[in-house]
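Open your viewer and get ready to click along. Each stop below tells you what to select and what you will find there.

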Amino acid sequence: MLSSAEQARAGAADHGLTTGAVARRLGVAPTTLRSWDRRYGIGPVHRHDGRHRRWTPEDIAVLERMCEMTSSGVPPAEAARTALSGNPGPTRPSVTPEAHPPPAATEPVEPIADVARQERRGLARAALRLDARAIDERLTAAIDSHGLVAAWDEVIMPTLHAVGRKWQTSGERYVEVEHLLSWHVSTALRGVAAQPVTKDGVAGVVLLACTPGETHTLPLEALAAGLAEHGLGVRMFGASVPGEALGEAVRRIGPSAVVLWSQSRNTAGRPLAQHVASIEWGYGAPVPVRPC
């Protein structure tokens, strides 16, 4: 039975594969592939008709080596240098199966958890030093290595919680650390959310908004980035959206779904969610609403 990478290379033998097709077959987010190409040169060499990027079997072989090394905990920059320096074909002289065995499907998640634990420590230390450049580098490395959703769940959100607990238990001494880290996390999330949309108009768009009085937007920004990472259209309205304005946006956009975010019971608004769910647009179909 062919592996995912072998299937991808076989499909690319004649005309090459698109970035989306390679991402689906190898289980890597398209935004991660584009980031690797932009930052490290791990990308397709040729373009179809001068516009569309196509992955050849040689391109996919280099990408497979990159994926194997990053999944084994090798930093992306180092993995890229190794992947590009050797023979891009099926033989991998610089990364042998004995040196870096790919994780089995039934292998426990402890190795990934260990990597994430180290990344959380590094990110927290960079934040405590107020080192903006190091924060950006560590956020980018985490997203590139794990994808947006896993990076948020395993690295970013736990670090934000840890920093928040630190200033809460120390007489609010480290408020500036939390503010700096939050700003750079928001910047990183918006960078992912700005990726080109591939399914807008097919699956519709998702409208995201905080309830009136809710000013904490990072979880909603993470959701926006996660949807964008999968090529879905998003309309982000951000913090404390008035109910009337939200209703008008739903009528004008006609979204496939609406997500209302509230971090606490004080700002939760079930009546608002029910009102939005009753709004009709287009042919009169009510819009699905997910209060959070």
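**Stop one: an unusual loop residue**

Select L130: it is partly exposed, with a relative accessible area of 43%. Here buried means under 20% relative accessible area, exposed means over 50%, and partly exposed is in between (1.4 Å probe, protein chains only). L130 sits in the loop between α6 (110-128) and α7. Its phi is positive, about 55°, although L130 is not a glycine. Most residues other than glycine have a negative phi.

A word about what you are looking at: this is a predicted model, in which local features need pLDDT of at least 70 and side-chain atom pairs count only at pLDDT 80 or more, while totals for chains, interfaces and linings use all residues. Residues are numbered from 1 along each chain as its sequence is written, and side-chain values use heavy atoms, leaving out hydrogens and water.

**Stop two: the whole chain**

Zoom out and show everything as a cartoon. The chain has 12 helices and eight strands; these are DSSP runs, numbered from the N terminus (helices: H or I, at least four residues; strands: E, at least two). Of its 292 residues, 42% count as buried. Switch to a surface view, and the chain exposes about 16,000 Å², with carbon and sulfur atoms supplying 54% of it. Those areas come from the Shrake-Rupley method with a 1.4 Å probe; for residues, only the protein chains shown count as cover.

How much of the contact in the chain links residues 24 or more positions apart? Such pairs account for 68% of the contacts with a separation of 6 or more, where contact means heavy atoms within 4.5 Å.

Now colour by pLDDT, the predictor's confidence in each residue, from 0 to 100. The chain averages 76, and 72% of the residues score at least 70. Among the elements, helix α1 (residues 4-11) has the lowest mean, 49, and strand β3 (residues 205-210) the highest, 91. Over residues 87-111 the pLDDT is below 50, and this stretch has 19 contacts in the model beyond near neighbours in sequence. Where pLDDT is low, the predicted coordinates should not be read in detail.

**Stop three: strand β3 and its partners**

Select residues 205-210, which form β3. Six of its six residues are buried. Show the side chains: V205, L207 and A209 point one way, and V206, L208 and C210 the other way.

Add strand β4 (residues 233-236), which runs parallel to β3 and is joined to it by four bridges; two strands pair if DSSP finds at least two bridges between them. Look for V206, which stands opposite V234 in β4. To get from β3 to β4, the chain passes through helix α10 (residues 218-229), and this β-α-β crossover is right-handed. That label applies if, with the strands pointing away from you, the path from the first strand over the helix to the second runs clockwise.

Next, add strand β5 (residues 257-261), also parallel to β3 and joined to it by five bridges. Here A209 stands opposite L260, and C210 stands opposite W261. Five of the five residues of β5 are buried, so the strand is largely enclosed by the rest of the structure. A257, V259 and W261 point one way from β5, while V258 and L260 point the other.

**Stop four: the inside of α7**

Which residues does I135 touch, leaving aside its neighbours within four places in sequence? Select I135 in helix α7 (residues 132-146), and you can pick out L123, A126, A127, L180, L181 and H184 in contact with it. I135 counts as buried because its relative accessibility is 0%. For a distance check, draw a line to V185: the two residues are 50 apart in sequence and 8.6 Å apart in space, C-alpha to C-alpha.

**Stop five: two helix ends and one more loop**

Go to helix α2 (residues 19-26), where T19, A21, V22, A23 and L26 are buried. G27 follows α2 and has a positive phi, near 75°. Then pick helix α3 (residues 30-40): its buried residues include L33 and W36. Just after α3 comes G41, with a positive phi of about 80°.

Finish at S240, in the loop between β4 and α11 (243-253). S240 is not a glycine, yet its phi is positive, near 45°. Is S240 buried or partly exposed? With a relative accessible area of 33%, S240 is partly exposed.
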